[in-house]
Every structure is written in structure tokens, then in C-alpha cells.
Amino acid sequence: MCGIVAYIGSEQARPVLLEGLKRLEYRGYDSAGMAMLNDGLHVARTVGRVRVLEQKVDGDDHFNGTLGIAHTRWATHGGVTEANAHPHRDDATSGHGIVLVHNGIIENYSALRTFLLNKGHVFESETDTEVLTHLIGELYEGDLNAAVRSALHEVDGAYAIAVMCEKEPGVLIAARRGSPLLVGVGEHGYIVASDAQAIVGHTSRVADLDEEVVARITHDSFHTADLDNVEVTPQLRELEVTLDEIELGDHEHYMLKEIYEQPQSIRRCLRGRVNARDGEIVLGGLADHARELVRSRRIVFLGQGTALYAGMLGEYLVEDLAQIPAEADFASEFRYRNPIIEDGTVVVAVSQSGETADTLAGIREASDRGALTLGMVNVVGSSIPRMTGAGVYLRVGPEVGVASTKAFLGQVTVATMFALYLGRRRHLSDTQTTDLLRELEAIPDKLDQVLTQDSNIREVAKRCGHRDNWLFLGRGYNYPVALEGALKLKELSYIHAEGMPAAEMKHGPIALIDEGMPVVVIATRNSQYRKVLSNIEEVRSRGGYVIAVATEGDDEIVNLVDDVFFVPDAPEPLQPLLTIVPLQLLAYHAALLRGHDVDKPRNLAKSVTVE
Ligand code: G6P
């Protein structure tokens, strides 16, 4: 949801900014811009990708400075136009040459705009960001840091900003509330960015800016203070992300790279945490709350998008393996519906980025109402783990493709370990636990086997990829997989797809089925297998084209369906870890065949930092 990057130091800022923007493009990619202080202020903005901006500033000596700010946008206020692209300036005629890039939403921008219009300000864009920039200009009295702090006192909403001023050519100001922002501290300068991916490769030392902290950075100094100018000591940490992990290497797309990384990612996720021989599950991030968790009376998983579907699997896993009432909900709905939090309620935020605004707001609400809150998050040091203080990291490595794949598998793996952790302490026997852990440890090798079917899946995508309406059906543990399979297909290939419980199909959606309509049915051998076969018959008798995900060696299903993707057998609670993978590949190939950008689907952003 917009990426920002800024540089101040002794090196050229332009390559650092452009490379940083490219790595942050997953956050939004409808327009881009850059401002540089180099013998005056220079600003370039474009509609389109960062590469278009690169062409615009390439070879332009004005952009040869050592202090600059840059932005890649996902539109919230105002359409995708050059005028709405960042950086924004304070008043062009009476301003001070203040420029700003912003990620977030200024909620009271309309009132602030009216105030500024009455003061004679003239706006060039429809954005909330330009309003904030003008407000800083209005309050500027020769000290940019002071003006930014004063303006931020007046602002409701979320922001991560980087600001500079023509009148103070050696100063960069950065601040955040609700949107992420890090400062990389290198030998030759400082990089401010929305995400560590723009910093890695330059330095491994970073400081996460705290809420409502303002950083004043010069070519050789870095000071932080709160909005009242009380000094705050920044905590430096070492980045865990490496350059290899975020580079494409020989892969055609990040999405394919990440699908293929899944066996290795899950090995990493499990390493040091499960030990089948001794029947042990060690989740260090929960250790301080073990007693409270074991006695919990209700567990609520919150998330959005793919993360919510992983949370739904968490619900099934916790009820089944730990026998604790559980549910999953859209964080956005939970947050605003006066949720009931009783004694013993635990609320778990599931998130790849750790920055999803709805999920953050949900967890804040739960915490205010007295729930114990936990995070199941991939990005270390992001807002959710900082807010919850307890949880389990996914450890699947950085995910760059906008459509989530390996993070989903990581979330489900963590939810499985969590359910087993609770179950073992409540009622699961040593043998039951050991058996499931052994099966869990075998999942990465089984994932390797699933991936060998890539070419078969591609052929099916070729046969059916032209159809514009699809259904995805599953029962029990495979129902959230059906939802996730449908989501993958729609977000990547723009095909209309709906996931639902297989039984629900006959209560309405069956009316959609006509000759050749693709219906993906997850029909692995498990407690509901026979029921699913009946649902397949119902689809076939109406002319639907059935693509099944089935258990290896199931000869019976081959005669019932049009195409099959096989997955190795696994205990029912672990089957989603395998059954989702063919559906990820199906969506990938369908999108490619339709000529879409699989890593950056239209209108999407990977990290949605606005509610
Ligand atoms: C966006 C992404 C989805 C993701 C969802 C939640 O909508 O496009 O892929 O599942 O946000 O993101 P999170 O970072 O909280 O997992």
C-alpha cells in the first residue's frame, strides 16, 4: 500500500532509491516519483511502474544528489494521475520547497484542507498527502523537524513519511504512526524505507521506528524524538533477510520461485520446533503464556485474504486437535461489531506482512477488551508482533510475489504446531502426538513430490483457462483450501471463481453449472471422501468439468472426473498443506496463459496498510 524510500549519505541517492522502489513495488505499482536536493529541489513523477520513472530520471544530472526521497503508489485518494503521484510539495508559489512521500491515510484531511484553503493554499492534487505537506509548510518557521512534529499533532490516521526541505539541504525527516518504517544505518549513509527489502544489501543494521517517533537524519547523524520532542533512543537490530532471498535468480517469476521454495520453507518453519522422536513441540514465543493458553476457553483467529483462510484452518485444527472452541473472522468485521471477549479468550492475528491495517486494528480492539493476543506473522519486527508481544514467526523467508503462497503454507504449519502444542498439554496422548509430528516432519518431502506435477497442471490450465467462471469445492479441512484456491485463481488470472463447502453447492450455486464449467473438487481420502464423491456426481450430471485433487493411488476417482492432480496421502488435519499446492500452480499457469503479470496482479497490493 505505497512504498517509500529515502536516502541521505555520502553516496549517490538515485540508484539506492530506484533499486529500493523496485523492491517495494509489491506494495503498490500504479505510479512512482522521486525528489532530489541537489543545488535546488528536483521532482519527477510518473504514472506506471518504477521502470518508467527510471527512464525519466536516467541521465538527468539534476538527480545526481546525495539526499532524496521516492515513492511507489497504490491509489487511495484520487485516481492514478501524475498530479496525484508522490512526492507532494507545499504550496508551489508561497511554499518553502518542502517535499514529502507518504504511506497511509490522513483521515481528517478534509477538515485540514478546508483550514488550509482558508489560509490561501492552492492544491494541485486530490490526495490527503498533499494536504499534510501543505500543513507542514504552513507551520514551517525555519525548522523542518519542528514543523513536521507540529503538523503530526494535528493529524488523525496512519502515516509513514519522509520529508525534506529546499531550505535545509542536509536534513531528512522521517516519522510513522500505523504504517511501517525502518531506518537502515550504513557506513556511508542512512536509508529510510517501508520494508527491509529496500535496505538489504546496503546494510544489515536497522532501527524500527516506534509509533509517533520522528527521526531527524543528516549525512552523519541520526536522532529520534517523540512528537513532543522528548528524545527516544533507537533500538538497532540485525536484519535476518539476505539478498539471495529476495532476488529472483534463475526463476521466471517470484511466485513460481516461492511455490518451489515451499518444501524448504516448511523445513525451516519446523526446524527446532518439532521433534517427533520425543513428541515435543517447542514454541519459544509462547513460553511465557503456556499456562494461560492451555486453559484458554476460546481461540479467535483474525486475518484478511489468504491469511484469513489460514486462520480458518487454525479454527479447524484447534477444535480438532486441542478441543478448544475456535473461530476465524475477518479482522475488519470483528473490529467493528462489538465483539465479545470473555475470560480465557485468546485472539490470534494471522498475517504475512504483520502490517495489514485491518488485522492490526482487530488485534488492538481484542487487546483493549482484555484478550490475550498472539501473532502468527512472517515479517520479523513488524507491527503485529510488536503489538502482541507473543506469538510464532513463520520463518518462511521473504515473500515478494503479491499473491501469497509460501506464507500461507507457513501460516497453516504454524497453526498446526500451535494446535498440537495445546492438544498435547490438554488431552492428546504421547502416541497420538508423536504420530502426527512424524507426519508433519514428512510434509516437506511430500511437497517435493506434489511439485513434480507442474507440467500436468499446466496442461489442465491450457484446457480450461479460457473459461470465465469456476467453482472450488471442499469439505472439512479442505473447505478453506477451496476458498484459497478460488482466491488464487481470481487474483492472478482475473477469472471469476468461488470457493464453498461442497455441500453448500446444491443450495444455490449449482444453478451456475453449465456444460464445461470447471469445478475444482478437493477429494482426498478422508472422513468425508464418500460425500465428496456424491458432490462430484452432482456436478457431472449437470455437465460440469471436474478437476479433482485426490490422494495418490486413488484409481476410483480417475473414472469419475475429467482431470486429477494427485497428492501423497497424509492424515486429515495435514492434508491442506499438500492440497493447496496444485491450486497455486493452476492459478499461476492460468494467469500466465492469459498474459497477466503474475507477480503484480492489477489493482492489488501485497501489504494493505489502510482499513
Ligand atoms: C492483501 C494481499 C493478500 C494477503 C492479505 C493479507 O490483500 O494481496 O495476498 O493475504 O493482504 O495480508 P497479510 O500480510 O496480513 O497476510
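Here are legends for several close-up views of this predicted model.

**View 1. The ligand and the residues around it.**
Let's start with the ligand, which has 13 residues surrounding it. The closest ones are Thr306, Ser351, Gln352, Ser353 and Thr356. If you sort the whole shell by residue type, you get 4 nonpolar, 8 polar and 1 charged. Helix H10, which spans residues 305-322, gives the largest share of that shell, with 3 residues.

**View 2. Polar contacts at the ligand's oxygen atoms.**
Zoom in on the oxygen atoms of the ligand, and look for polar partners on the protein. For Thr356, an N or O atom of the side chain sits 2.4 Å from a ligand oxygen. Ser353 also uses its side chain: a polar atom there is 2.6 Å from an oxygen atom of the ligand. With Gln352, it's a polar backbone atom that lies 2.6 Å from a ligand oxygen. How much of the ligand's accessible area does the protein cover? On its own the ligand has 390 Å² of accessible area, and the protein covers 89% of that.

**View 3. Thr405 and Gly401, two residues in a loop.**
This view moves to the loop that links strand E22 (391-393) to helix H14 (406-426), where you'll find Thr405. Gly401 lies in the loop between E22 and H14 too. Is Thr405 buried or exposed? With a relative accessible area of 0%, Thr405 is buried. Buried means under 20% relative accessible area, so Gly401, at 0%, counts as buried as well.
Now check who they touch, skipping neighbours up to four places away in sequence. Thr405 is in contact with Met255, Glu258, Ile259, Gln262, Glu399, Lys488 and Gln584. For Gly401, the list is Tyr254, Glu258, Asp599 and Lys606. Glu258 turns up in the contacts of Thr405 and in those of Gly401. You can also pick out Asn603, which is 202 residues away from Gly401 along the chain, with 14 Å between their C-alpha atoms.

**View 4. Strands E25 and E26 side by side.**
Strand E26 covers residues 545-551, and 7 of its 7 residues are buried. Which way do E26 and strand E25 (residues 518-523) run relative to each other, parallel or antiparallel? They run parallel, and 6 bridges join them. To see one of these pairings, find Val519 and look across to Val546 in E26, its bridge partner. As you follow a strand, keep in mind that side chains in a regular strand alternate between the two faces of the sheet.

**View 5. Arg298 in strand E18.**
Arg298 sits in strand E18, which is made of residues 298-303. Its relative accessibility is 16%, so Arg298 counts as buried. What does a polar atom of its side chain lie 2.9 Å from? The partner is the backbone oxygen of Ile340. Beyond residues up to four places away in sequence, Arg298 touches Ile324, Pro325, Glu327, Ile340, Ile341, Gly344, Thr345 and Val346.

**View 6. Ile580 in helix H20.**
Our last stop is Ile580, which lies in helix H20 (residues 576-593). Ile580 has a relative accessible area of 0%, so it is buried. Leaving out residues up to four places away in sequence, Ile580 touches Phe408, Leu409, Val481, Glu484 and Gly485. Find Ile522 too: Ile522 and Ile580 are 58 residues apart in sequence, and their C-alpha atoms are 9.1 Å apart in space.

Note on methods: Residues are numbered from 1 along each chain as its sequence is written. This is a predicted model: local features need pLDDT of at least 70, side-chain atom pairs count only at pLDDT 80 or more; totals for chains, interfaces and linings use all residues. Side-chain values use heavy atoms; hydrogens and water are left out. A residue is near a molecule or strand if one of its heavy atoms lies within 4 Å of it. A polar contact is a pair of N or O atoms within 3.5 Å; within protein, one must be able to donate a hydrogen and the other to accept it, and residues adjacent in sequence count only if both atoms are side-chain atoms. Accessible areas come from the Shrake-Rupley method with a 1.4 Å probe; for residues, only the protein chains shown count as cover. Helices (H or I, at least four residues) and strands (E, at least two) are DSSP runs, numbered from the N terminus. Ala, Val, Leu, Ile, Met, Phe, Trp, Tyr, Cys and Pro count as nonpolar, Asp, Glu, Lys and Arg as charged, and the others, Gly among them, as polar. Buried means under 20% relative accessible area, exposed over 50%, partly exposed in between (1.4 Å probe, protein chains only). Contact means heavy atoms within 4.5 Å. Two strands pair if DSSP finds at least two bridges between them.
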